[in-house]
Amino acid sequence: MKENLIIVESPTKEKVLKEILGEKYRITSSKGHVKDLPKSRLGIDIEKEYEPTWIIIPAKRILVKKLKSLAENKENIFLATDPDREGEAISWHIATELNIENKECRIVFNEITKNAIVNAVNNPRKLDMDLVDSQIARRLLDRLVGYKVSPLCYRYTRGKSAGRVQSVAVHLIVKREEEIQAFQPKEFWKITVQLGKNKSGKINSFEASLTTKNGEKIAIENKKKSEEICHDLKKRKYFVSEIQDKKEYKHPPLPLRTSTLQQMAYNRLNYSVKRTMRIAQQLYEGIAITGHGTMGLITYMRTDSTRISDDAKIKAREHIKKYYGKEYLSTKKSNFSKRGNNQKIQDAHEAIRPTNIDFIPDLIKDSLTSEQFKVYSLIWEYFITSQMKSALLERNKVKIKAEEYGLELNGTKILFPGYLKVFGENEIEKNIIPDLIANEELDLLKILPKQSFTKPPARYNEASLVKVLEKEGIGRPSTYAVIIDKIQSRNYVEKENKTFIPTNLGKTVDKFLVNYFSDIINIKFTAEMENSLDEIEAGKHQWKTMLDKIYKILLEDISNLDKNPPKLLLQQSREMTEEKCSVCDSPMEIKNGPYGKYLSCSENPSKHPTRPYMIKVGIPCPEKKCDGEIIKRKSKKGRTFYGCSNYPNCKFFSNKLPVNKKCPKCDSILVKTTSKKKGDFYQCISSKCDYREEIIKNGKNVSDN
């Protein structure tokens with residue numbers, strides 16, 4: 001009996017499919033793309049309506065020969081690459097090499113389970129050329145921008161590349177940094193009043209915030225005004241003027257899609273976008289579960305959809321009814337949500353969900369690595385809660401009068417937990433208000449003024465950058481991990497405290513593109529390009545028409561550049577230091593190498609010796625008998641830490657910035673720490689010491705222990 005051949009995209013899938021389909025099927029892998037545009041030239045014939053030249057990737061020539069050999073005398077050949085536009089294009093390239101492009105050779109499965117695989121094999125289809133055309137357009141568009149703009153970018157700024165998504169990402173980071181640098185902080189004060197009521201000889205205390213004066217919102221700009229108001233408040237009597245209880249529903253989140261998985265994993269697990277996608281790929285392609293064999297635990301992780309299949313909904317509802325009770329079942333008819341107007345894209349995939357709802361994370365924990373367990377738990381929780389009832393909350397507000405002053409006290413109670421039964425109720429139920437009645441007089445216990453300053457907009461981190469890129473319609477979530485890697489490897493941005501800061505080179509490249517290729521970094525224009533690619537995928541737009549429009553814009557921009565070339569940009573991209581070359585006394589220049597930054601002679605970089613690049617923070621090494629000083633360094637994983645300039649002779653290091661102060665308790669050094677809740681403070685570097693010192697903005701430090 002003849003064999004059937006199935007070609008998958010990833011070698012990891014081979015083992016799983018062999019277990020499911022048995023001996024009748026030969027499974028092999030393409031190991032990704034087998035064809036691409038040539039590296040040495042543009043590979044697009046402009047004169048022949050942008051006809052691309054596809055060549056077999058040199059490293060894949062032997063593999064393609066093997067695929068052709070395996071395809072001989074097979075009863076059926078199925079192409080089972082990933083179920084997206086890129087996977088469709090890979091299948092098309094393989095199909096053209098095997099001469100099966102017109103046959104029903106394409107099989108697609110959104111999850112790697114027995115039912116899904118068998119169903120796909122029994123229902124092959126022809127290649128979807130709209131999907132293929134969309135991927136061709138994307139690849140050719142990236143090639144045109146890369147080959148036409150990147151060399152000019154290098155010539156005038158030494159920037160290594162430009163791209164329709166990466167350049168927008170850098171532009172967003174540069175703009176945010178400009179806003180931060182231009183920001184002028186303004187002082188303001190908040191006043192909290194501690195009040196109490198005597199109940200059975202015991203005083204119950206609580207805090208209320210000052211909000212109004214004479215019925216209008218109060219603004220306290222400085223210390224003097226704060227002191228005047230505090231003086232007034234000491235003389236006032238306090239009465240409960242109004243009690244408001246309002247019920248409201250807190251709805252469950254939608255199941256995760258690619259971008260929300262990336263954001264939630266970053267915010268809750270502190271995982272980078274790249275790390276999250278790697279783990280999700282493992283969960284999708286197959287994990288060996290004790291007693292169940294190898295199988296995919298989640299559906300395809302590259303999706304823009306929040307749609308859930310009817311079968312998955314039914315199983316989720318059965319699970320909720322069994323483990324939580326019927327009263328926790330959602331009464332909504334549908335959880336379908338779509339991004340944009342491209343119905344075809346949305347129907348291609350479901351949201352990211354577990355393939356088997358009965359694989360409760362804790363039950364299969366022993367079969368997963370720690371990071372697999374955490375990401376799987378996140379996906380499982382978001383899926384199950386999306387089918388649960390909303391939480392019913394009671395928002396409590398107490399208004400308090402102190403003559404012309406008004407104060408407020410807010411709290412929340414959970415009346416029915418709903419989906420919070422899974423997520424946890426601790427974050428919602430807080431500030432429980434004591435029993436109060438209207439017109440009740442309260443005792444003044446303490447007045448607590450606090451100085452604050454307005455804050456600049458926050459720098460982008462990986463999660464917030466992904467969020468803004470998706471919101472603006474720039475690129476696709478499946479490419480964000482690559483983009484974030486690329487803008488760092490090109491030395492356009494750096495990470496500091498997990499946030500992105502543009503480098504001098506990044507700012508210079510951005511300035512060049514703003515002046516000469518404004519369309520490339522124009523958010524609206526780039527989003528329109530992305531929408532055009534979606535329309536090509538939906539069969540509503542011709543890719544050659546879109547490409548022609550972009551190419552003509554590029555030619556016009558290049559012509560304007562030739563007429564009025566930039567001046568001094570190349571010099572601006574260089575980072576000079578005050579240190580001198582030991583050979584020729586020229587200024588040393590900061591350069592980026594494979595192992596981080598280093599100092600190189602600005603005049604003879606190839607001949608004269610280099611030096612390590614050290615960012616001094618102006619603090620002597622705290623180790624006794626060491627004359628070194630603290631420098632800022634980066635680990636191999638790009639994390640910032642602080643060490644001694646005399647390393648390796650001195651081994652001192654700290655993950656937090658040391659300050660030139662000694663701990664009054666144990667004489668160790670203090671380090672600066674930032675907390676979202678408590679702000680900036682100093683703490684002792686010794687884990688055995690609990691000393692902490694608050695940093696007050698006016699320069700006065702107050703110990704809080």
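**Exercise 1.** Which exposed residues does the face of H18 turned away from its buried side carry?

*Solution.* Keep in mind that you are working with a predicted model. Start with the buried residues of H18: Trp543, Met546, Leu547, Ile550, Tyr551, Leu554, Asp557, Ile558 and Leu561. Viewed down the helix axis, these residues fall within an arc of 125°, so they line one face of H18. A general rule helps here: an α-helix has 3.6 residues a turn, so residues three or four places apart point the same way. Now turn to the face away from the buried side, where you find the exposed residues Lys552, Glu556 and Lys563. To finish, see what covers the buried residues: strand E5 (51-52) and helices H5 (129-157), H16 (504-516) and H17 (523-537) are included.

**Exercise 2.** Check whether the length of helix H18 agrees with its expected span.

*Solution.* Helix H18 runs over residues 543-563, which is 21 residues. At 1.5 Å a residue, the helix should span 30 Å. The C-alpha atoms at its ends are 31 Å apart, which agrees.

**Exercise 3.** Describe the aromatic pair of Tyr324 and Tyr328.

*Solution.* The structure holds ten aromatic pairs. In the pair of Tyr324 and Tyr328, the ring centres are 6.4 Å apart and the planes meet at 55°, so the pair counts as tilted. Next, compare their surroundings: Tyr324 is partly exposed, with a relative accessible area of 23%, whereas Tyr328 is buried, at 8%.

**Exercise 4.** Find where an Arg lies over a ring.

*Solution.* Look at Arg176, which lies over the face of Tyr460, 4.3 Å from the ring centre. Then go to Phe681: the charged end of Arg692 sits over its ring, 4.3 Å from the centre.

Note on methods
Residues numbered from 1 in each chain as written. Predicted model: local features only at pLDDT ≥ 70, side-chain atom pairs only at ≥ 80, totals over all residues. Heavy atoms only, no water. Phe/Tyr/Trp six-rings, centres within 6.5 Å; stacked < 30°, edge-to-face > 60°. Buried < 20%, exposed > 50% of the residue type's maximum accessible area, 1.4 Å probe, protein only. Lys NZ or Arg CZ within 6 Å of the ring centre and 35° of its normal. Helix = DSSP H or I, 4+ residues; strand = E, 2+ residues; numbered from the N terminus. Expected span 1.5 Å × (residues − 1). Arc of directions from axis to C-beta. Contact = heavy atoms within 4.5 Å.
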